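Subject: Handover of a structure and the findings from it

Dear colleague,

Please find below the structure that I am handing over to you. My account of what was found in it follows directly after.

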Amino acid sequence: MREGAVRELEAFVRREAAARSTASPVAASPAGSDSRRPRRRAGHALGFLPRLLPGWRSLPRDEREAWRRVELATPDAALLGDVAWQACDGTRSLAEIARLVWLETGREAQPFVGELFGLTARLGLTEWVEG
């Protein structure tokens with residue numbers, strides 16, 4: 001009986017590993033992926049309340065409202081943003097960061113990651129690094 005259970009477990013592991021390797025909505029480096037590389041600027045943190053971020057009030061109202069719509073349309077936006085923020089070191093592209101977010105949360109977040117770092121760059125919290 002134990003040998004049968006071991007074989008079943010091994011078969012399960014092979015099936016799950018194969019499914020997981022193809023399940024990512026964000027391939028490791030898809031053609032046409034966003035290769036921009038954001039890097040956190042020293043001394044800046046990403047808060048969960050955008051209105052408290054430095055420079056938030058200086059953004060045009062329509063841009064602040066657009067960001068709010070992105071947040072509202074993205075379930076767990078604070079979690080996804082926090083995971084993406086931790087991976088924002090200037091060595092990873094937006095596509096790579098989105099893949100890491102997917103690995104950590106199981107959520108496809110590539111559009112959100114792009115919007116997030118576009119906003120943080122405009123606020124001066126991050127900068128773009130040449131690849």
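Two residues are said to be in contact when heavy atoms of theirs lie within 4.5 Å. By that criterion, and leaving aside its neighbours within four places in sequence, Thr74 is in contact with Leu80 and Phe112. Please bear in mind throughout that this is a predicted model.

Overall architecture

The chain has five helices and two strands. Followed along the sequence, these elements come in the pattern α-β-α-α-α-α-β. Of the 131 residues in the chain, 33% are buried. The accessible surface of the chain comes to about 8,400 Å², and carbon and sulfur atoms hold 52% of that area. Among the contacts in the chain with a separation of 6 or more, 72% are between residues 24 or more positions apart.

Helix α3 and the loop before it

Which residues of α3 are buried? They are Ala77, Leu80, Gly81, Val83, Ala84 and Trp85. The cover over these buried residues includes β1, α2, α4, α5 (110-123) and β2.

The loop between α2 and α3 contains Thr74, and Asp76 is found in that loop as well. Thr74 counts as buried because its relative accessibility is 15%, and the limit for a buried residue is under 20%. One of the contacts of Thr74 named above, Leu80, is itself among the buried residues of α3. Asp76 deserves a note on its backbone: although Asp76 is not a glycine, its phi is positive, at about 60°.

The loop between α3 and α4

Ser93 is found in the loop between α3 (77-86) and α4 (94-105). Is Ser93 buried or exposed? Ser93 is buried, with a relative accessible area of 5%. Not counting residues up to four places away in sequence, Ser93 touches Asp34, Ser35, Arg36 and Arg37. Of these, Arg37 belongs to strand β1, which spans residues 37-40.

Arg36 has a further partner, as it lies over the face of Trp128, at 4.4 Å from the ring centre. Trp128 falls within strand β2 (residues 126-129). As for aromatic rings with one another, the structure holds one aromatic pair.

Salt bridges

How many salt bridges does the structure hold? There are eight salt bridges, and three of them may serve as examples.

Glu127 forms a salt bridge with Arg39, and the closest N and O atoms are 2.8 Å apart. Glu127 lies in strand β2 and Arg39 in strand β1, so this pair ties together parts that are 88 residues apart in sequence. Both partners are partly exposed: Glu127 has a relative accessibility of 30%, and for Arg39 the value is 34%. The two residues also belong to a network of salt bridges that links Arg39, Arg41 and Glu127.

Glu71 and Arg68 supply another example, with side chains that meet in a salt bridge at 3.3 Å, N to O. Glu71 and Arg68 are three residues apart in helix α2 (residues 61-73), and therefore about one helical turn separates them. In general, an α-helix has 3.6 residues a turn, so residues three or four places apart point the same way. Within this pair, Glu71 counts as buried, at 17% relative accessibility, whereas Arg68 is partly exposed, with a relative accessible area of 45%.

The side chains of Arg92 and Asp89 also meet in a salt bridge, at 2.9 Å from N to O. Arg92 is partly exposed, with a relative accessible area of 29%. Asp89 likewise counts as partly exposed, at 31% relative accessibility.

A nonpolar patch on the surface

Leu9, Phe12 and Val13 make a nonpolar surface patch of about 280 Å². Phe12 has its place in helix α1 (residues 2-23). With a relative accessibility of 40%, Phe12 counts as partly exposed.

For your first inspection, I would ask you to begin with the salt bridge between Glu127 and Arg39, and then to turn to Ser93 in its loop between α3 and α4.

With kind regards

How values were computed:
Residues numbered from 1 in each chain as written. Predicted model: local features only at pLDDT ≥ 70, side-chain atom pairs only at ≥ 80, totals over all residues. Heavy atoms only, no water. Phe/Tyr/Trp six-rings, centres within 6.5 Å; stacked < 30°, edge-to-face > 60°. Lys NZ or Arg CZ within 6 Å of the ring centre and 35° of its normal. Helix = DSSP H or I, 4+ residues; strand = E, 2+ residues; numbered from the N terminus. Buried < 20%, exposed > 50% of the residue type's maximum accessible area, 1.4 Å probe, protein only. Areas by Shrake-Rupley, 256 points an atom, 1.4 Å probe, with all protein chains shown as cover. Salt bridge = Lys/Arg side-chain N within 4 Å of Asp/Glu carboxyl O. Patch = residues over 30% accessible without salt bridge, like charges linked within 9 Å, V, L, I, M, F, W, Y side chains within 5 Å.
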